[in-house]
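Subject: Structure handover and notes

Dear colleague,

I am passing on the structure we spoke about, together with my notes on it. Please have it open while you read.

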Amino acid sequence: MNAVNPLPSGERLFISGNEAVARGAWSAGCKVMTAYPGTPSTEILEYAAKLPDMYSEWSVNEKVSLEVCIGASLAGSRALCAMKHVGLNVASDALMTQTLIGVGGGLVIAVADDVGLSSSQNEQDSRFWGRFAHVPVLEPADAQEAYEMTRIAFDLSEQFNTPVILRMTTRICHVKGVVTTAQRRPHNSGIGFQKDPARLVMIPTNAKHRIPLMYQREARLQRYSEESDLNFVQDGSDKRVGFVTSGPVFMHLLESRPEAPILKLGMSYPVPIKKIREFAAQVERLVVAEEVEPILEGEIKAAGIQALGKEILPRIGELAPQALRPAIAKLLGEQTVEETATRSLADVPAVKVSPPPPGSSLFPRPPTMCVACPHLGIYYCLSKIRNKAISGDIGCYTLGAGHPWNALDTTICMGASMGVALGMDKGRTEVDKDQKVIAVIGDSTFMHMGMQGLLDITYNKGNVTILLLDNRAVGMTGGQDNPASGRDIHGDDSPRVNLARLVEALGVKPERIHEVNPYELPNLFKALREEVKVDDTSVIITNQPCVLVDFYAAKPPLRVVEEKCTGCKNCLDVGCPAIHVTRRETVVKPNGKEKELAFVRIESSACTGCDLCPATCGPDAIIPVENFIRQ
Ligand code: SF4
Ligand code: SF4
Ligand code: SF4
């Protein structure tokens, strides 16, 4: 089922919401598209890069990404930047002033909230940014709408001289549907960059004149929202309860309560209060069904309209049918045989992890690093260092917080490892005076927001040892390129940043910079042990790529000689998923204490022969597989 009628003609494609946004932007004549990779929005730019006649780039962070699009818009072209929810936090500095100056060509910000935290450090609601920046928010309910609304967003942007937020969620981004597409519509503003300092140079005297214009624009958008077909009523026969909703919850409501009237807000900001008031008068009870924050609910109630919302619906995670059905049935006094998935804040402890339902065929599997990941050796070494505090960052290496390494003490946001480490150093109390402060950050995250933190460390003479993990990819989001990979989004050669020279330029002394192969454990240990003793800023750069990049060269696999394995478990501390325990035994040592042994094997079809685990094996029980031919 499509949330809106598709265009009458055009190609029909089976694509995800992310791909639909890229395709919609392309068909609207978008000329520049930018992004920093991040779940759940990464595929928007990956798809866009394959479309003709459109410039696309991986930007180093979301703020730069938006700034590139602002420039393109001011140059007269249509531009779209895509990002995940925390990305708009990073880009907000640009947004909050850009909203004052307006646009040239249409400017769309596609921001994807990770509702349900599939791969994010928090759950937040980007609809707030619409209110904060006084810009319209469109919320598609499926892939077809993602396509249509992207096109509409460009038109609205130019009609009202405003950036437009296209707010997606993980559900919309990833679920595929049949999307009817139209031809590419050439966009020609007919004008180039227009010099206009009073509008474009935001010094206080100019900004003061722009602020009233922004509020006038918001009032015009409010009237548009009241009249727009984007906000429509899906009629229903059961008037006992009517819903106001936006985004994918519309689809969940159609599935859960098909007979209920629904006011669907495709343009959820500015809120069409008059339309909502009229709708509320037609139903016995009004329920605001929105994911995450009670934003609409608060504004509706503030307008004096009686409504229910988070009193009966969960505030955390998706409002899927499993959550909606029991909550509405309870409200209406109906019986339900379904498992209660309602998770109102009052009922559910915030950090409780639910066990799998009875009969579930899926065994819960925590995320882990890949076989032979170049980060394994780092965390093996870090787990052996005593009296340390380690600030981590955002990337695959965040998994170092888990078993068996337990080697991260903090993870906050992109680039935070640097500043947090400096704060730990400068703020240390007497009990921690000998503690070694270590920061771990990946290459892409370092260039996203970590470089400034390192500059702060060197400028303020911090005693921090930094592990800069250069795996030549944005590993966590699928191996996208970045300035450290030496390739652009199309896979073409691009200048590759020299990280050693970069950190030296940021103030690290040359003798405190080491480049090491993370598979060579003795060298890695030596560098780490020496640098944590030095009262200065040190950077250890690892130089081996993510195993998932196309140029990774696997070697013949290894195996365990069963008769030689003593069950010492040392190799398990590496954390490589190719090493399996085959048997456990408990023995009594001469001193009378019990010791648990674990005998292992290596899954040769997965092992890439990285040579990490043999370095941990005293009895040399790990050897190459003879006569192996890799398929
Ligand atoms: S994707 Fe690459 S960096 Fe990430 S865990 Fe796997 S090998 Fe390591
Ligand atoms: S390190 Fe060697 S001896 Fe110890 S469990 Fe692993 S394979 Fe066996
Ligand atoms: S050599 Fe050891 S650590 Fe490396 S991939 Fe094989 S099993 Fe894993």
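The notes below take up the salt bridges, the ligand surroundings and some features of the backbone.

Please keep in mind throughout that this is a predicted model.

Salt bridges

A search of the whole structure gives 38 salt bridges. One of them pairs glutamate 290 with arginine 127, with 2.9 Å between the closest N and O atoms. Because glutamate 290 lies in the loop between β13 (286–289) and α12 (295–302), while arginine 127 belongs to helix α5 (residues 127–133), this pair ties together parts that are 163 residues apart in sequence. Glutamate 290 and arginine 127 are both buried.

Another salt bridge links arginine 167 to glutamate 139, the closest N and O atoms being 3.0 Å apart. Arginine 167 lies in strand β7 (residues 164–169) and glutamate 139 in the loop between β6 (137–138) and α6 (143–160), so that this pair ties together parts 28 residues apart in sequence. Here too the partners are buried, arginine 167 with a relative accessible area of 3% and glutamate 139 with a relative accessible area of 1%.

A further salt bridge is formed by arginine 583 and glutamate 585, whose closest N and O atoms are 2.4 Å apart. In this pair arginine 583 is partly exposed, at 39% relative accessibility, and glutamate 585 is likewise partly exposed, at 31%.

Through salt bridges that share partners, Asp113, Asp125, Arg127, Glu139, Arg167 and Glu290 are joined into one network. Within that network, aspartate 113 deserves a separate look: the residue lies in strand β5 (residues 107–113) and is buried, with a relative accessible area of 0%. Leaving out residues up to four places away in sequence, aspartate 113 touches Pro40, His85, Gln124, Asp125, Ser126, Arg167, Met168, Thr169 and Thr170.

Ligand surroundings

The residues around ligand 1 are Met369, Cys370, Cys373, His375, Cys396, Asn471, Gly475, Cys546, Val547 and Leu548. By class, this shell around ligand 1 divides into seven nonpolar, three polar and no charged residues.

Ligand 2 occupies the space of the largest cavity, and the residues that surround ligand 2 are Cys565, Thr566, Cys568, Lys569, Cys571, Ala598, Val600, Cys617, Pro619 and Ile622. The shell around ligand 2 consists of eight nonpolar residues, one polar and one charged.

Ligand 3, in turn, sits in the second largest cavity. Surrounding ligand 3 are Val371, Ala372, Leu558, Cys576, Ile579, Ile602, Cys607, Thr608, Cys610, Asp611, Leu612 and Cys613, a shell that divides into ten nonpolar, one polar and one charged.

Backbone features

Two cis peptide bonds are worth checking when you go through the model. Threonine 39 and proline 40 are joined by a cis bond with omega at about 15°, and proline 40 lies in the loop between β2 (32–35) and α2 (42–48); proline 40 is also one of the residues that aspartate 113 touches. The bond from tyrosine 269 to proline 270 is cis as well, with omega near -5°, and proline 270 is found in the loop between β12 (267–269) and α11 (273–280).

Positive phi values appear in residues other than glycine at leucine 117, where phi is near 50°, and at histidine 134, where phi is about 60°. Leucine 117 is in the loop between β5 and α5 and is partly exposed, with a relative accessible area of 37%. Histidine 134 is placed in the loop between α5 and β6, and at 16% relative accessibility histidine 134 counts as buried.

A buried loop residue

Asparagine 482 is located in the loop between β16 (465–469) and α17 (499–505), yet the residue is buried, with a relative accessible area of 8%. Neighbours within four places in sequence aside, asparagine 482 is in contact with Asp443, Ser444, Met447, Arg472, Ala473, Val474 and Arg487. Asparagine 482 is 466 residues away from serine 16 in sequence, and the distance between them in space is 24 Å from C-alpha to C-alpha.

With best regards

Notes:
Residues numbered from 1 in each chain as written. Chains lettered and ligands numbered in written order. Predicted model: local features only at pLDDT ≥ 70, side-chain atom pairs only at ≥ 80, totals over all residues. Heavy atoms only, no water. Salt bridge = Lys/Arg side-chain N within 4 Å of Asp/Glu carboxyl O. Helix = DSSP H or I, 4+ residues; strand = E, 2+ residues; numbered from the N terminus. Buried < 20%, exposed > 50% of the residue type's maximum accessible area, 1.4 Å probe, protein only. Contact = heavy atoms within 4.5 Å. Near = heavy atom within 4 Å. Nonpolar A, V, L, I, M, F, W, Y, C, P; charged D, E, K, R; others polar. 1 Å grid on protein atoms, 1.4 Å probe; cavity = no way out; pocket = protein on both sides within 12 Å on 5 of 7 lines; lining within 4 Å. Sits in = over half its atoms within 2 Å of the grid points.
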